[in-house]
Amino acid sequence: MFFDNVRIRVQAGRGGDGCVSFRREAHVPKGGPDGGDGGHGGNVVVVCDPSLRDLSRYRGRTEYRAGNGHNGEGSRRHGATGETLELHVPPGTRVTATDDDFEAELSEPGQRVVVARGGTGGRGNKQFATSTQQSPRFAEHGLPGEEREIELRLRLLADAGLVGLPNAGKSSLLDRMTAAAPKIADYPFTTIEPVLGTLDSDDRQLVLVDIPGLIEGAHEGAGLGHEFLAHVERCRLLVHVLDLAPLDGSDPVRNFETVERELAEHDGRLARLPRILALSKADLVAPDDAEVAKREWRDRLGGRVLDVVLTSSATHEGLDDLRNAIFAHTPADQAAPDWVPGGDNGEPQPLREHRVYRPQDEQGFSVEPLEPGVFAVRGRGIELLLARFDVTNEEALRHVENRLKSIGVLRELERKGFESGDEIEIAGERFELEV
């Protein structure tokens, strides 16, 4: 099975806790704090791996976790960083988060993008020693790593794509022109997944992909083709394979326009891709009639196609001509096209090979009364501050109070009517605050 779209949940590693420890050695009567810091949690990283063909390795498993950071220890021994989790994907994979604006695309071998960052490790009590607090008996907790659900969607990186109606002869052409071995039969939708093959010349190699047959309404979900239209987007050249004499008696002209319309309806950019028209199964038509059809198609299409080639997979007629045309119209120094919508003039805009969008962290805080003597403090930074410390530890609570004062939270609390001894609630946890 060919898998080009999966959803998984990734969890970065939690940061290790800082250590509360004091130096204890013979002949050192006043050993100070020496608690080490916790290690950072491991990241979850998506890596572009050219050895992979599809995303089948992620089917059947939905959750992936990176390693947690190790806790700090005495004698200033810091905890080890958690193990990074690498998720390998084939070139052409787009990564998006289902719950925020994170987005990235990987197209070059070795490209990496962090999709979930590990939590930072907590500081040991050595870090909190000051001239006025020489023996701190508290340390920070490590923070949890990021967790999100991501979607991996593959768009094949092929130089040329074979498109056409079912049974137009695409698989047979791919079989004869490359070393690929697609399934070939005389019924529609024989090909149910894209098949890749390579075309070789003396100094170049191109990738050719057989896109499963399109039918009318494919862009709206009809047939199989709608599942694979996205793969056409990454092609630099299209080869429209058209049956000269369909066995079902259908009109080749209407068949041609059906496929072209479906490509354009899926994405208007596909209509502007250069294309070659390959008139297939020429062996089933009288030679003179085939030549007449070739001239008529060339006159009918004019500049819409780069070339019109008569082909027959059975007799190998025109296969060399088609191969030469594909090489001639696929520049050696041109990268696979890519765009993003939304230009000033409505036109698609160029897209870098690797892009990442991340939502900004929420800044600031807010204070609101919940009930008499209880005030809620909201804010991402404030919640992280509380998560760092055990507020049942008096020294840790005093440190939190000092931080809240320096940030300006106490000033805002007093403005809202807070009095010493009232309770505050942060991230669902309540505690009494003395000022």
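## A tour from the S75 loop to the C-terminal hairpin

Start with S75, which sits in the loop between β3 (63-65) and β4. Colour by phi if your viewer allows. S75 has a positive phi, near 60°, and is not a glycine. Most residues other than glycine have a negative phi. Keep in mind throughout that this is a predicted model.

**Zoom out: the whole chain**

Show everything as a cartoon. The protein chain has eight helices and 21 strands. Of its 435 residues, 49% count as buried. Now consider contacts with a separation of 6 or more: 72% of them link residues 24 or more positions apart.

**Select the largest core**

Nonpolar side chains tend to be buried together in soluble globular proteins. Here the largest nonpolar core has 38 residues. Show V10, V44, Y58, L87, V115 and L152 as sticks; these have the most contacts inside the core. Then colour the elements that give two or more residues to it. The strands are β1 (5-11), β2 (44-48), β4 (85-89), β5 (93-97), β6 (103-106), β7 (112-116) and β8 (147-154). The helix is α3 (252-266).

Centre on V10. What does V10 touch, leaving aside residues up to four places away in sequence? Its partners include V44, L87 and V115, each of them also among the residues with the most contacts inside the core. V10 touches Y64, A116 and I150 as well. E146, E147 and R148 complete the list.

A second, separate core has 22 residues. Select V367, V377, A396 and V409 to see part of it.

**Select α3 and α4**

Return to α3 and add α4 (287-301). The two helices pack at an angle of about 45°, with their axes 13 Å apart. They are therefore oblique to each other. The crossing of α3 past α4 is right-handed. Which residues meet where these helices pack? From α3, show P252, V253 and F256; from α4, show W297, R300 and L301.

Step back to the loop between β13 (275-280) and α4, and pick K281. K281 is another residue that is not a glycine yet has a positive phi, about 60°. Is K281 buried or partly exposed? K281 is partly exposed, with a relative accessible area of 25%.

**Select the six-stranded sheet**

β13 leads into the next stop. Colour six strands in the order β10-β11-β9-β12-β13-β14: they form an open sheet with mixed pairing. The edges are β10 (195-200) and β14 (307-310), each paired on one side only. On average, neighbouring strands in this sheet are turned by 25° against each other, direction ignored.

Inside the sheet, select β9 (160-163) and β11 (205-210). They pair in the parallel sense over three bridges. Label A160, and look across to β11: L208 stands opposite.

**Finish at β19, β20 and β21**

Select residues 374-378 for β19 and 423-426 for β20. These strands run parallel and are joined by three bridges. A376 has E425 in β20 as its bridge partner.

Keep E425 selected and add β21 (429-432). β20 and β21 pair in the antiparallel sense over four bridges. In β21, the bridge partner of E425 is R430. E425 thus has bridge partners A376 and R430.

Last, look at the turn. β20 and β21 form a hairpin with two residues between them. A427 lies in this turn and has a positive phi of about 55°.

Key. Residues numbered from 1 in each chain as written. Predicted model: local features only at pLDDT ≥ 70, side-chain atom pairs only at ≥ 80, totals over all residues. Heavy atoms only, no water. Pairing = 2+ DSSP bridges. Axes fitted to C-alpha atoms, helices over the stretch in contact; angles between N-to-C directions. Core = buried A, V, L, I, M, F, W, Y, C linked by side-chain atoms within 4.5 Å. Buried < 20%, exposed > 50% of the residue type's maximum accessible area, 1.4 Å probe, protein only. Contact = heavy atoms within 4.5 Å. Parallel < 35°, antiparallel > 145°, perpendicular 65-115°, else oblique. Left-handed = near helix turned anticlockwise from the far one by under 90°.
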